[in-house]
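Q: Please take a close look at one part of this structure for me, the strand pairing, and talk me through it in one go. A word on confidence and on the surroundings would be welcome too.

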Amino acid sequence: MNINLPNFNVKNLVKEAGSTLSRVVQLTEEKLGTTERTEYDTEFQNLAERADVTKTWTEKIVRDTESVLIPNPQNRVEDFIFEKIEKSKPQRLSNLEHLALAMIEAGGDFGQDLPYGQALIKVGQAEQKLGQCERDFIATSGICFTQPLRKFLDGEMKTITKERGILETKRLDLDACKNRVKKARSMLGQQNAERDLRVAQSEFDRQSEITKLLLEGISTSQASHLRHLHAFVETQVRYYKQCTDVMNNLQRELARLGGPTPYAPINLNEEENTNANSANVNRRHPTDVNADQMRRARVLCSYDAKDHTELNLNANEVIFVTECSPINADYMYGKQGLLKGLVPRAFLEMLDDESFGNSSY
């Protein structure tokens, strides 16, 4: 019976074992502080630190993004396993889709002719559309953002880590050769040690250049990551726009249903305009008020300020007020001694028909 044994090169094994031993000794002496070590130049150290920071934060961004896209950790583990074994991921319903099915089925049981049943079905159908929007958003975000970042970590960053490990090995060999040159006692031993030192120095320099080129490529990778980030933001904008459209359509459908308690749609545009007007009022600082525009007003009843932009008012006190710019239907600007701020128009009774010019207050 013929048995094919592995072809071991004993000489190479002995040589590798000797190199490993010398590296261990060198590393141990460095830890103990009994020998010197070759330090990398400042530029290389900065590049290495930037690579470490990039790796750490990219890993965290990928993890956190996947947590946002797929909150269930069990589902993330399942997807990871199916990806590694190159199998298609299982099709599972999202929480929105489960809710949609429950609402539609409940609406059917309650009665499609009744207001509550009709509303449940309409809302369930909208939740189905939201679930599909969410599914598309998750898939697109993975393609345009998380997958490219993970590919960077599994490809380029692993190569950099590998080459840095090789460089550290070459550095240990170089320092071990330097120590052998110092400890050589015979002429022949000195010559052999110096020859080994030249070889180790050459290998270290070559590996240092290779690793440095890879580290400098991090800047190009970050520029690519910026493009992926922009694509992710665009995907989010489209997703939330689709969700807004679905909910606006749902509001219109619910309003058309009528019933004993008809639905009153919420107009988000009006709320935004109201907030914008309020912000415009707050943007005008009290110090912008012209004294010639002030008028006297008596406070009808006490008022507690809602925030730092308003004044506290006491009943029957007299303050000076002027119009906001632009004019606000609900508020005026008031001066109360050295204090200035917004005051509600409804709490005031004007005492002067015209501006109170050049008054000392």
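A: Let's start with confidence: pLDDT is the score, from 0 to 100, that the predictor gives to each residue for its own confidence. It matters here because this is a predicted model. The protein chain has a mean pLDDT of 82, and 83% of its residues reach 70 or more. Among the elements, the highest mean, 94, belongs to helix 2 (residues 42-69), and the lowest, 53, to helix 8 (residues 268-283). Two stretches deserve some care. The pLDDT is below 50 over residues 281-289, a stretch with 21 contacts in the model beyond near neighbours in sequence. Residues 355-361 also have pLDDT below 50, and the model gives that stretch 17 contacts beyond near neighbours in sequence.

Now to the part you asked about. The sheet is open and built from 5 strands in the order 4-3-2-1-5, with antiparallel pairing. Strand 4 (339-344) and strand 5 are at the edges; each has a single partner strand, so one side of each lacks a neighbour in the sheet. From one strand to the next, the twist averages 45°.

Let's zoom in on strand 1. Residues 295-299 make up strand 1, which is joined to strand 2 (residues 318-322) by 4 bridges, the two running antiparallel. Strand 1 is also joined to strand 5 (residues 348-350), here by 3 bridges and again antiparallel. Arg-298 is a handy residue to follow: it stands opposite Val-318 in strand 2, and in strand 5 it stands opposite Glu-349. Ala-297, for its part, faces Ile-319 across the pairing with strand 2.

For the surroundings, let's turn to a pair of helices. The axes of helix 2 and helix 5 (residues 115-183) come within 10 Å and cross at roughly 150°. Angles over 145 degrees count as roughly antiparallel, which makes helix 2 roughly antiparallel to helix 5. Their crossing is left-handed. As for what lines this contact, its residues divide into 14 nonpolar, 6 polar and 6 charged.

To pull the strand picture together: strand 1 has strand 2 as one partner, through 4 bridges, and strand 5 as another, through 3 bridges. Strand 5, in turn, is an edge of the sheet with a single partner strand.

How values were computed. Residues are numbered from 1 along each chain as its sequence is written. This is a predicted model: local features need pLDDT of at least 70, side-chain atom pairs count only at pLDDT 80 or more; totals for chains, interfaces and linings use all residues. Side-chain values use heavy atoms; hydrogens and water are left out. Two strands pair if DSSP finds at least two bridges between them. Contact means heavy atoms within 4.5 Å. Axes are lines fitted to C-alpha atoms, for helices over the stretch in contact, and angles run from 0 to 180 degrees between N-to-C directions. Angles under 35 degrees count as roughly parallel, over 145 as roughly antiparallel, 65 to 115 as roughly perpendicular and the rest as oblique. A crossing is left-handed if the near helix is turned anticlockwise from the far one by less than a right angle, and right-handed if clockwise. Ala, Val, Leu, Ile, Met, Phe, Trp, Tyr, Cys and Pro count as nonpolar, Asp, Glu, Lys and Arg as charged, and the others, Gly among them, as polar.
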